[in-house]
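Welcome! Please take a moment to look over the sequence and the 3D view before reading on.

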Amino acid sequence: MTKSELIASLAERHAQLSIRDMDLAVRTVLDAMALALAQGQRIEIRGFGSFSLSNRLPRLGRNPRSGELVQVPAKRVPHFKPGKELRQRVDQAPAESTRPTPAGLFDDVTGQA
């Protein structure tokens with residue numbers, strides 16, 4: 001689901017609010033979450049999950065094009081851990097997917113093109 005699909009879905013559920021109102025609400029929540037993570041805070045939404053920061057140490061990497069060694073600096077990356085309720089709901093949901101697989105579209109269920 002994209003942000004615009006989320007906004008449209010919320011606006012449909014809450015007909016008294018316009019799409020513009022839902023857009024503002026979603027952007028406000030996402031901006032607040034991004035700001036909290038940028039400040040090093042942890043975000044916990046009961047029943048959904050938690051967002052925290054992981055620290056990655058500096059390391060040596062390789063340029064995939066030239067094979068040359070490059071120094072990759074230390075960085076902080078967001079990490080999401082789903083809550084128990086979300087894990088259960090996802091586990092009980094049907095396994096159908098409406099999006100193509102990352103490797104492309106397959107002609108049959110066996111995964112062979």
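The report below goes from the overall layout to the core, the aromatic rings, the surface patch and the charged pairs.

## The overall layout

A good thing to know from the start is that this is a predicted model. The protein has 113 residues, and its chain folds into 3 helices and 5 strands. If you follow the chain from the N terminus, the elements come in the order α-α-β-β-β-β-β-α.

How much of the protein counts as buried? The share is 13% of the residues. The accessible surface of the protein comes to about 9800 Å², and 55% of that area is supplied by carbon and sulfur atoms. Contacts can also be sorted by how far apart the partners sit in the sequence. Among contacts with a separation of 6 or more, 34% join residues that are 24 or more positions apart.

## The nonpolar core

Which residues make up the largest nonpolar core? There are 5 of them: Met 33, Ala 36, Leu 37, Ile 43 and Phe 51. Helix 2, which covers residues 19-38, gives the largest share of this core, with 3 residues.

Leu 37 is a handy residue to explore from here. With neighbours within four places in sequence set aside, Leu 37 touches Ile 43, Phe 51, Ser 52, Leu 53, Arg 76 and Pro 78. Two of these partners, Ile 43 and Phe 51, belong to the core as well.

## A cluster of aromatic rings

Now for the rings. The protein has 2 aromatic pairs. In one of them, Phe 48 and Phe 80 meet in a tilted arrangement, with ring centres 5.5 Å apart and an angle of 50° between the planes. This pair ties together distant parts of the chain, since Phe 48 lies in the loop between strand 1 (43-45) and strand 2 (49-56), while Phe 80 lies in strand 5, 32 residues away. Phe 48 counts as partly exposed because its relative accessible area is 37%. Phe 80 has 32% relative accessibility, so Phe 80 also counts as partly exposed.

Phe 51 and Phe 80 form an aromatic pair too, again tilted, with 4.8 Å from centre to centre and 45° between the planes. Here too the partners come from distant parts of the chain: Phe 51 is in strand 2 and Phe 80 is in strand 5, 29 residues apart. Is Phe 51 buried or exposed? Its relative accessible area is 18%, and buried means under 20%, so Phe 51 is buried. Taken together, the ring pairs join Phe 48, Phe 51 and Phe 80 into a cluster.

## A nonpolar patch on the surface

Some nonpolar side chains can be found on the outside. Ile 45, Phe 48 and Phe 80 form a nonpolar patch on the surface, and their accessible area together is about 240 Å². Phe 80 belongs to strand 5, which spans residues 75-82. Both Phe 48 and Phe 80 are thus part of the patch and of the ring cluster.

## Charged pairs

Side chains of opposite charge can pair when their charged atoms come close. How many salt bridges does a search of the whole structure find? The count is 3. One of them joins the side chains of Asp 23 and Arg 27, with 3.2 Å from N to O. Both residues lie in helix 2, and they are 4 residues apart, about one turn of the helix. Asp 23 counts as partly exposed because its relative accessibility is 24%, and Arg 27 is partly exposed with a relative accessible area of 37%.

Glu 44 takes part in a salt bridge with Arg 42, where the closest N and O atoms are 3.0 Å apart. Glu 44 also meets Arg 46 in a salt bridge, at 3.2 Å from N to O. Arg 42, Glu 44 and Arg 46 are therefore linked in a network of salt bridges. How open are these three residues? Glu 44 is partly exposed, at 43% relative accessibility. Arg 42 counts as exposed because its relative accessibility is 53%, and Arg 46 is exposed with a relative accessible area of 73%.

Notes. Residues are numbered from 1 along each chain as its sequence is written. This is a predicted model: local features need pLDDT of at least 70, side-chain atom pairs count only at pLDDT 80 or more; totals for chains, interfaces and linings use all residues. Side-chain values use heavy atoms; hydrogens and water are left out. Patches are made of residues with over 30% relative accessible area and no salt bridge: like charges are joined within 9 Å, nonpolar side chains (Val, Leu, Ile, Met, Phe, Trp, Tyr) within 5 Å. Accessible areas come from the Shrake-Rupley method with a 1.4 Å probe; for residues, only the protein chains shown count as cover. A salt bridge is a side-chain nitrogen of Lys or Arg within 4 Å of a carboxyl oxygen of Asp or Glu. Helices (H or I, at least four residues) and strands (E, at least two) are DSSP runs, numbered from the N terminus. A nonpolar core is a set of buried Ala, Val, Leu, Ile, Met, Phe, Trp, Tyr and Cys residues joined through side-chain atoms within 4.5 Å. Buried means under 20% relative accessible area, exposed over 50%, partly exposed in between (1.4 Å probe, protein chains only). Contact means heavy atoms within 4.5 Å. Rings of Phe, Tyr and Trp (its six-membered ring) pair if their centres lie within 6.5 Å; planes under 30 degrees apart count as stacked, over 60 as edge-to-face and the rest as tilted.
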